[in-house]
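Reader: I should like a close look at one part of this model, chosen at the level of a single residue and its surroundings. Please set out what lies around that residue, and then place it in the context of the rest of the chain.

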Amino acid sequence: MNHLQRLLGALYVTTSAGLALTTVLEFRHGPWWAAGLFAVASLVPLVAAVRESEPRAPAAGPRLRGVGTGADDDVVRAELDAACCEPWWTSCGTEHDVTCPRRVPRSSAA
Ligand SMILES: [Zn+2]
């Protein structure tokens with residue numbers, strides 16, 4: 001926990017204490033709904049403080065180390081290995097290049 005996180009945690013606790021004090025004042029002198037509202041509001045900074053203190057998972061992003069070793073990379077590699085020629089990609093698999101070995105000549109297709 002660094003300095004900024006400690007400061008933020010102290011701010012959360014101070015805000016919660018202020019709202020709790022307002023809850024007491026509203027309970028004694030104000031309408032009941034205001035006391036309930038401030039009671040619930042005084043819990044929100046505490047929830048934030050607890051969440052702030054929890055360790056965080058590393059952010060998802062591009063992996064710079066170990067590129068090409070994950071399961072998703074295996075799927076992509078298998079799809080690229082199964083790919084054919086460029087017209088096959090651009091026509092969603094309905095056409096092939098004239099030099100492609102998987103091409104079926106039009107004369108024998110129909
Ligand atoms: Zn092809």
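Author: Leaving aside its neighbours within four places in sequence, Pro 45 is in contact with Tyr 12, Thr 15 and Ser 16. This is a predicted model, and every value below is computed from it. Pro 45 itself belongs to helix α2. Its C-alpha atom lies 8.6 Å from that of Leu 11, although the two residues are 34 positions apart in sequence.

The count of C-beta neighbours settles the burial class of this proline. A residue is called buried when 20 or more other C-beta atoms lie within 10 Å of its own; Pro 45 has 21 such neighbours and therefore counts as buried. For the protein as a whole, 4% of the 110 residues count as buried.

The setting of Pro 45 is the packing of two helices. Helix α1 covers residues 3-29 and helix α2 covers residues 32-53; their axes are 8 Å apart and meet at an angle of about 165 degrees. An angle over 145 degrees counts as roughly antiparallel, and α1 and α2 are therefore roughly antiparallel to each other. The crossing of α1 past α2 is left-handed. Sorted by class, the residues in the contact of α1 with α2 comprise 15 nonpolar, eight polar and two charged.

Two further pairs can be examined here. Leu 43 is placed in helix α2, and its C-alpha atom is separated by 9.7 Å from that of Val 13, which is 30 residues away along the chain. Leu 43 nevertheless counts as exposed, because it has 12 C-beta neighbours inside 10 Å and the exposed class takes in counts of 12 or fewer. Thr 22, placed in helix α1, is 16 residues from Phe 38 in sequence and 6.7 Å from it in space, C-alpha to C-alpha. With 18 other C-beta atoms within 10 Å, Thr 22 is partly exposed.

As regards helices in general, one rule is useful when such faces are inspected: an α-helix has 3.6 residues a turn, so residues three or four places apart point the same way.

The remainder of the chain gives the wider context. The protein contains five helices and zero strands, and along the sequence its pattern reads α-α-α-α-α. Among contacts with a separation of 6 or more, residues 24 or more positions apart account for 33%. Helix α3, residues 71-82, contains twelve residues, and the number of them that are buried is zero, so this helix lies largely in the open. Its length also bears checking: at 1.5 Å a residue, the twelve residues of α3 should span 16 Å, and the end C-alpha atoms are 17 Å apart, which agrees.

Beyond α3, the loop between α4 (86-90) and α5 (106-109) holds Cys 92. Most residues other than glycine have a negative phi. Cys 92 has a positive phi, near 60 degrees, and is a residue other than glycine. Cys 92 is exposed, with 7 other C-beta atoms within 10 Å. Thr 99 is also found in the loop between α4 and α5. Its C-alpha atom is separated by 8.9 Å from that of Cys 85, 14 residues away along the chain. Thr 99 is likewise exposed, having 7 other C-beta atoms within 10 Å.

To return to the part examined: Pro 45, in helix α2, counts as buried, while Leu 43, also in α2, counts as exposed.

Key. Residues numbered from 1 in each chain as written. Predicted model: local features only at pLDDT ≥ 70, side-chain atom pairs only at ≥ 80, totals over all residues. Helix = DSSP H or I, 4+ residues; strand = E, 2+ residues; numbered from the N terminus. Contact = placed C-beta atoms within 7 Å. Expected span 1.5 Å × (residues − 1). Axes fitted to C-alpha atoms, helices over the stretch in contact; angles between N-to-C directions. Parallel < 35°, antiparallel > 145°, perpendicular 65-115°, else oblique. Left-handed = near helix turned anticlockwise from the far one by under 90°. Nonpolar A, V, L, I, M, F, W, Y, C, P; charged D, E, K, R; others polar.
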